[in-house]
Amino acid sequence: MKFLRKIKTMFVNIQKLMIRKTNPPQWHNLRRLEPISKVFGFDRGTPIDRIYTNDFLGKNKHHIKGIVCEIAESTYTRQFGNNVIKAEVLHYTNDNPNATIIGDLTKYENLPKDYLDCFICTVTLNFIYDYKEAIRGIFHMLKPEGVALVSVCGLVQISRYDYQRWGDYHRFSDMGIKKDFEEIFGNEIEVSTYGNVLAAVAELHGIAGEELSKDEIFYHDSDYQILITIVAKKTDKKS
Ligand SMILES: C[S@@+](CC[C@H](N)C(=O)[O-])C[C@H]1O[C@@H](n2cnc3c(N)ncnc32)[C@H](O)[C@@H]1O
């Protein structure tokens, strides 16, 4: 018995060796311990996850109207908004000159209630330890029928800048974040993912979107979730 098991293990190991020899990775300049860009690719062009964010917001721009709030800046409100009455900027700390609302999304009793038509909350929940309470904060700030456009990262390196200030705590999957939003918003949510293995390698190295083709960036493989997006509508079914 023992002898047979040994033969089987040997056979399996030879099989694995054959696979390695016949289909070796061609590393070119990727066999390295430092990434190609240390700043997500901002120094080379547009980071892959930002291309996905632009695509997501472009497809949902009809929601960006009325009183709109964005985290830390109003870039996307200005880029994609239409009929925006007021562009609010929520910031966690009081050192951001663009901020019109200073506050913690997890301590939402102090934030305006039933106020926003649209909340653009891109790549923020990764940086909040109690992110479920922050989802309640988003819900709290939206008017009934208001819409949250949210993105979270699945496959991405630590953001040292955020880590050193408020923290970098979570990486998400569509399955997990869908349940989290459903618990608070009910069923009026749509969750999608962006990414594939090539785009994930590029994202982790900081290779810019401009260095891949559109087809390569947007090829969809739901096992490689670089960015997960959520459209969540506040209805009176949940509170
Ligand atoms: C990477 S930035 C994302 C914002 C930006 N608009 C974007 O699209 O990249 C992460 C933001 O999370 C904010 N943040 C961290 N903890 C927070 C909290 N408890 N409540 C509200 N914002 C928080 C930080 O202030 C920071 O602006």
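Ser151 belongs to strand S5. In this predicted model, the residue serves as a convenient point of entry. Ser151 has a relative accessibility of 0%, so it counts as buried, the limit being under 20%. Setting aside neighbours within four places in sequence, Ser151 is in contact with Thr53, with the run Cys121, Thr122, Val123 and Thr124, and with Leu227, Ile228 and Thr229.

One of these partners, Val123, deserves separate attention. Val123 is located in the loop between S4 and H4. Its phi is positive, about 45°, although Val123 is not a glycine. Val123 has 13% relative accessibility and therefore counts as buried.

From this residue the view may be widened to the whole chain. The protein chain contains eight helices and seven strands. Its C-alpha atoms fill a box of roughly 70 × 45 × 35 Å along the principal axes. The chain has 239 residues, and 44% of them count as buried. Among contacts between residues at least 6 apart in sequence, 71% join residues at least 24 apart. The chain exposes about 14100 Å², of which carbon and sulfur atoms supply 54%. As for charge, there are 32 positive and 31 negative side chains, and the centres of these two sets lie 9 Å apart.

The strands can be considered next. Seven strands form an open sheet with mixed pairing, and their order is S3-S2-S1-S4-S5-S7-S6. Strand S3 (101-102) and strand S6 (189-194) are the edge strands, each pairing on one side only. Beginning at the S3 edge, S2 and S3 pair in the parallel sense over two bridges. Here Leu90 has Ile101 in S3 as its bridge partner. Strand S2 (residues 84-91) also runs parallel to S1, to which it is joined by six bridges. Within this pairing, Glu70 stands opposite Val89 in S2. Why is S1 described as largely enclosed by the rest of the structure? Six of the six residues of S1 are buried, and the strand is therefore largely enclosed.

In the sheet order, S1 is followed by S4, and Leu116 is found in strand S4. Leu116 is buried, because its relative accessible area of 0% is under 20%. Not counting residues up to four places away in sequence, Leu116 touches Ile67, Val68 and Cys69, and also Met141, Leu142, Lys143 and Gly146. One of these contacts can be followed along the chain as well as in space: Leu116 and Leu142 are 26 residues apart in sequence, while their C-alpha atoms are 4.5 Å apart.

The loop between S3 and S4 contains Asp114. Like Val123, whose phi is positive at about 45°, Asp114 has a positive phi, about 50°, although it is not a glycine. Val123 counts as buried, whereas Asp114 is partly exposed, with a relative accessible area of 34%.

The packing of nonpolar side chains forms the next topic. The largest nonpolar core has 32 residues, and those that touch the most other members are Leu105, Phe119, Leu125, Phe181 and Phe185. Both strands and helices contribute to this core: strands S1 (66-71), S4 (116-122), S5 (142-153) and S7 (227-233), together with helices H4 (131-141) and H6 (174-185), each supply at least two residues. H4 gives the most, with six residues. Another core, of 27 residues, lies apart from it and includes Tyr52, Tyr76, Val156 and Leu227. Leu227 was met earlier as one of the contacts of Ser151.

A last residue offers a contrast with the buried positions described above. Leu198 is placed in helix H7 (residues 197-205). Is Leu198 buried or partly exposed? Its relative accessible area is 38%, so Leu198 is partly exposed, this class lying between 20% and 50%. Leu198 touches Leu212 and Glu216 when residues up to four places away in sequence are not counted. The C-alpha atoms of Leu198 and Ala148 are separated by 29 Å, and the two residues are 50 apart along the chain. For Leu116 and Leu142, by comparison, the C-alpha atoms are 4.5 Å apart with 26 residues of sequence separation.

Technical notes. Residues numbered from 1 in each chain as written. Predicted model: local features only at pLDDT ≥ 70, side-chain atom pairs only at ≥ 80, totals over all residues. Heavy atoms only, no water. Helix = DSSP H or I, 4+ residues; strand = E, 2+ residues; numbered from the N terminus. Buried < 20%, exposed > 50% of the residue type's maximum accessible area, 1.4 Å probe, protein only. Contact = heavy atoms within 4.5 Å. Areas by Shrake-Rupley, 256 points an atom, 1.4 Å probe, with all protein chains shown as cover. Lys, Arg positive; Asp, Glu negative; His and termini not counted. Charge placed at Lys NZ, Arg CZ, Asp CG, Glu CD. Core = buried A, V, L, I, M, F, W, Y, C linked by side-chain atoms within 4.5 Å. Pairing = 2+ DSSP bridges.
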